[in-house]
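Biologist: I would love a close look at one helix of this predicted model. Please pick a helix, and then tell me what surrounds it and how the rest of the chain is put together.

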Amino acid sequence: MTESCHIPETLLAALRDARHVCVLTGAGVSAESGVPTFREAQDGLWADHDPLQLATPEGFLSDPELVWSWYRWRRELVAEVEPNPAHLGLAELAELVPRLTLVTQNVDRLHQRAGSKDVIEFHGNLFADICFDEGRVVECDADDPAPTCPSCGALVRPGVVWFGEAIPEDALDFAFAAASDCDVFLSVGTSSLVYPAAGLVDIARQNGAVTIEINPEPGRSNFDFVLENKAGTAIPGLVSSLSS
Ligand code: BV8
């Protein structure tokens with residue numbers, strides 16, 4: 001049974017009138033591709049590990065082999081899945097509005113595989129290997145349980161932003177600028193718990209934007225519109241309503 005999504009005409013009017021739409025996505029937008037969300041109990045091997053512990057510099061330094069095996073498991077999982085209608089619909093939405101800025105908290109690069117351009121990776125991505133000390137991208141042996149930097153010997157880490165680490169400066173600046181400038185802020189598939197990403201909607205609201213949340217279990221922020229639907233239903237619904 002294909003799920004349907006009721007979209008208020010006033011919401012569509014805001015999108016039709018928008019000069020600039022800023023979209024923030026979270027793990028929920030990849031859920032229908034089969035990627036576990038950040039807070040779902042990780043299945044099988046990872047059920048007894050807390051992502052909030054693994055995704056920290058302390059967690060990595062205390063057990064680099066464990067953290068590397070978690071990230072390699074996630075890399076393999078993501079490599080085997082496909083972008084879903086939510087990712088594809090957001091790439092189409094960008095063609096229907098004058099300007100769309102896509103900020104993602106996700107590290108799976110599924111937006112790029114779906115055709116989205118200039119994606120702002122607020123929390124980095126799974127696929128870059130970075131020297132822990134020099135901060136630059138390095139090549140390392142994919143089978144090494146705890147790879148080290150070929151030039152300085154420091155540990156190599158995945159190119160994601162861990163809890164307690166600063167958001168990359170460019171990503172932060174571009175995302176804050178887009179949230180400040182947009183007419184419509186669309187939050188898709190996030191629990192709105194992780195900062196500073198979760199604060200972007202407040203910046204948009206303070207600058208007069210219409211705010212919309214798409215989430216089957218809406219979060220705590222007060223949005224002007226809430227579509228209690230899966231992203232794989234609501235985003236294509238928005239796109240077809242705007243295109244008609
Ligand atoms: C920082 C990469 C400072 C790693 C991740 C206030 C201000 C500033 C910071 C803080 C603050 N309060 C606390 C902090 C610290 C911390 C924080 O926010 N902690 C939380 C736990 C309270 N923030 C930080 O540490 C950040 N750094 O602030 O630095 C600083 C400044 C200068 C110098 C030094 C330091 C960095 C945070 C980045 C952490 N890294 N990811 C990795 O992936 O391994 S965060 C991680 O959580 C993922 O990126 C994930 O995307 C993100 C957020 O989670 P969600 O995406 O929302 O996923 P979640 O599972 O929670 O929810 C899924 C949602 O989808 C649900 O609502 C569900 O209902 C919905 N859903 C399910 N299915 C669907 C769906 N929706 C639609 N369709 C569906 N089908």
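Modeller: Happy to! One cut-off first: a residue is buried when its relative accessible area is under 20%, exposed when it is over 50%, and partly exposed in between. Arg-16 therefore counts as partly exposed, with a relative accessible area of 42%. Arg-16 also forms a salt bridge with Glu-9, with the closest N and O atoms 2.9 Å apart. Please keep in mind that everything here comes from a predicted model.

My choice of helix is α10, which runs over residues 231-243. Its length makes a good first check. At 1.5 Å a residue, these 13 residues should span 18 Å, and the end C-alpha atoms are indeed 18 Å apart, so the two values agree.

Next comes its setting. The helix is mostly covered, with 10 of its 13 residues buried. Among the buried ones are Ala-231, Ala-234, Ile-235, Leu-238, Val-239 and Leu-242, but Gly-232, Thr-233, Gly-237 and Ser-241 are buried too. The cover over these residues includes the helices α1 (9-17), α2 (28-31) and α6 (85-96), and also the strands β6 (184-188), β7 (210-214) and β8 (225-227).

That brings us to the core. In soluble globular proteins, nonpolar side chains tend to be buried together. Here the largest nonpolar core has 29 residues, and Leu-11, Leu-186, Val-188, Ile-214, Ile-235 and Leu-238 touch the most other members. Two or more residues each come from α1, β1 (21-25), α6, β6, β7, β8 and α10. Our helix gives the largest share of this core, six residues.

Ile-214 offers a handy viewpoint on the helix. Beyond its neighbours within four places in sequence, Ile-214 is in contact with Ala-231, Ala-234, Ile-235 and Leu-238, among others. Its contacts also include Leu-186, Val-188 and Leu-227. Apart from this core lies another one, of 21 residues, among them Tyr-71, Leu-77, Val-78 and Cys-131.

Now let us step back to the whole chain. The domain assignment gives domain 1 as 9-34 + 82-123 + 166-243, and domain 2 as 36-80 + 126-160. Their C-alpha centres lie 27 Å apart, and the contact takes 13 residues from each of the two domains. About 860 Å² is buried between domain 1 and domain 2, with carbon and sulfur atoms giving 60% of that area. The rule finds zero salt bridges across this interface.

The structure as a whole holds 10 salt bridges. One of them joins Glu-121 and Arg-109, at 2.8 Å between the closest N and O atoms. This pair links distant parts of the chain: Glu-121 sits in strand β3 (residues 120-121), and Arg-109 in the loop between β2 (100-104) and α7 (110-113), 12 residues away. Glu-121 counts as buried at 14% relative accessibility, whereas Arg-109 is partly exposed at 33%. In addition, Arg-19, Arg-99, Asp-181 and Asp-183 are linked in a network of salt bridges.

A last stop takes us to helix α9 (residues 200-206), where Arg-205 and Asp-202 lie three residues apart, about one turn of the helix. Their side chains meet in a salt bridge at 2.8 Å, N to O. Arg-205 is also touched by Asn-222, a residue in the loop between β7 and β8. Asn-222 has a relative accessible area of 51%, so it counts as exposed.

How values were computed:
Residues numbered from 1 in each chain as written. Predicted model: local features only at pLDDT ≥ 70, side-chain atom pairs only at ≥ 80, totals over all residues. Heavy atoms only, no water. Helix = DSSP H or I, 4+ residues; strand = E, 2+ residues; numbered from the N terminus. Expected span 1.5 Å × (residues − 1). Buried < 20%, exposed > 50% of the residue type's maximum accessible area, 1.4 Å probe, protein only. Contact = heavy atoms within 4.5 Å. Core = buried A, V, L, I, M, F, W, Y, C linked by side-chain atoms within 4.5 Å. Domains from an automatic or database assignment. Buried area = accessible area lost by both parts, 1.4 Å probe. Salt bridge = Lys/Arg side-chain N within 4 Å of Asp/Glu carboxyl O.
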